[in-house]
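Visitor: I have a model open on my screen and I'd like to learn how to read its charged side chains. Could you walk me through it?

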Amino acid sequence: MRIRAALAVPAARAAAAALLLTAAPSRSATTATTPAAHARTTRCAESSLTVRARAVPGRTTMVRVSVTNRGTRACAVDRAPTVTFADLDGAAVPVPAGGTGENRLAPGGSAYADVRTVRDPAGPEARRTDGLTVAASAAHAGRTFTAGRLGTGTRVLVWEPVTTWWQPTAAAADRAIGLS
């Protein structure tokens, strides 16, 4: 199965952090006094999130996922969910491509993404696995969903999987992956 290794994003973050820590601070960064300059949304604790996943009705190769912030403060998750597939290596590739980033969740707020597990279910390259795991951030362990719980049948078919970035609505996630 051709999918991107799950370690690429954390390694890139670590390299960027190392560069930022060794760079001399700019004058504007050290003299900023506005509250907005100091405001930074903290990362969401995994324990404050609810992650859900379910196959799109009639399309067992498309999975809708959501994350909800059950905490009392706004927090941030990664730009796209991390989706891995049981005993297979790698993770779904975010589309569109484009660096790392954050998605802010207000208290009680939710975000949505769609995952296409395989383009052609009849393709000979398709692998079969028992389920998938969805994490709102690469640093989280995530929540595992069996194929039966997802509604994909007895197995999840996987080959070159992709995921959308987190979107404000399920309809926006559907549009981002081409469902509507």
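Visitor: Let's start with Glu 102: what is its relative accessible area, and is it buried or exposed?

Guide: Relative accessible area sorts residues into three classes: buried is under 20%, exposed is over 50%, and partly exposed is in between (1.4 Å probe, protein chains only). Glu 102 has a relative accessible area of 36%, so it is partly exposed. Keep in mind that this is a predicted model, where local features need pLDDT of at least 70, side-chain atom pairs count only at pLDDT 80 or more, and totals for chains, interfaces and linings use all residues. Residues are numbered from 1 along each chain as its sequence is written, and side-chain values use heavy atoms, with hydrogens and water left out.

Visitor: Which residue forms a salt bridge with Glu 102?

Guide: A salt bridge here is a side-chain nitrogen of Lys or Arg within 4 Å of a carboxyl oxygen of Asp or Glu. For Glu 102 the partner is Arg 43, with the closest N and O atoms 3.3 Å apart. That pair links distant parts of the chain: Arg 43 sits in the loop between H3 and E1, while Glu 102 is in strand E6 (residues 102-105), 59 residues apart. Those labels are DSSP runs numbered from the N terminus: helices (H or I) have at least four residues and strands (E) at least two.

Visitor: What other salt bridge does Arg 43 form?

Guide: Arg 43 also pairs with Asp 78, and here the closest N and O atoms are 2.3 Å apart. This one links distant parts of the chain too, with Asp 78 in strand E3 and Arg 43 in the loop between helix H3 (35-38) and strand E1 (49-56), 35 residues apart. So Arg 43, Asp 78 and Glu 102 are linked in a network of salt bridges.

Visitor: Why do Arg 43 and Asp 78 fall into the classes they do?

Guide: Go back to the cut-offs. Arg 43 counts as partly exposed because its relative accessibility is 38%. Asp 78 is buried because its relative accessible area is 4%. Asp 78 also lies 7.2 Å from Ala 138, C-alpha to C-alpha, though the two are 60 residues apart in sequence.

Visitor: How many salt bridges does the structure hold?

Guide: There are four. Another one to look up is Arg 64 with Asp 174, whose closest N and O atoms are 2.7 Å apart. Arg 64 lies in strand E2 and Asp 174 in helix H5, so the pair ties together parts that are 110 residues apart in sequence. Arg 64 is partly exposed at 30% relative accessibility, whereas Asp 174 is buried at 11%.

Visitor: Which residues of H5 are buried, and what covers them?

Guide: Helix H5 spans residues 170-177, and its buried residues are Ala 172, Ala 173, Asp 174 and Ile 177. To see what covers them, look for contacts, meaning heavy atoms within 4.5 Å. The cover includes strand E2 (59-69), strand E7 (110-116) and strand E12 (162-164). Right after H5 comes Gly 178, with a positive phi near 95°.

Visitor: And how does the whole chain look?

Guide: The chain has five helices and 12 strands. Of its 180 residues, 39% are buried. Among contacts with a separation of 6 or more, 75% come from residues 24 or more positions apart.
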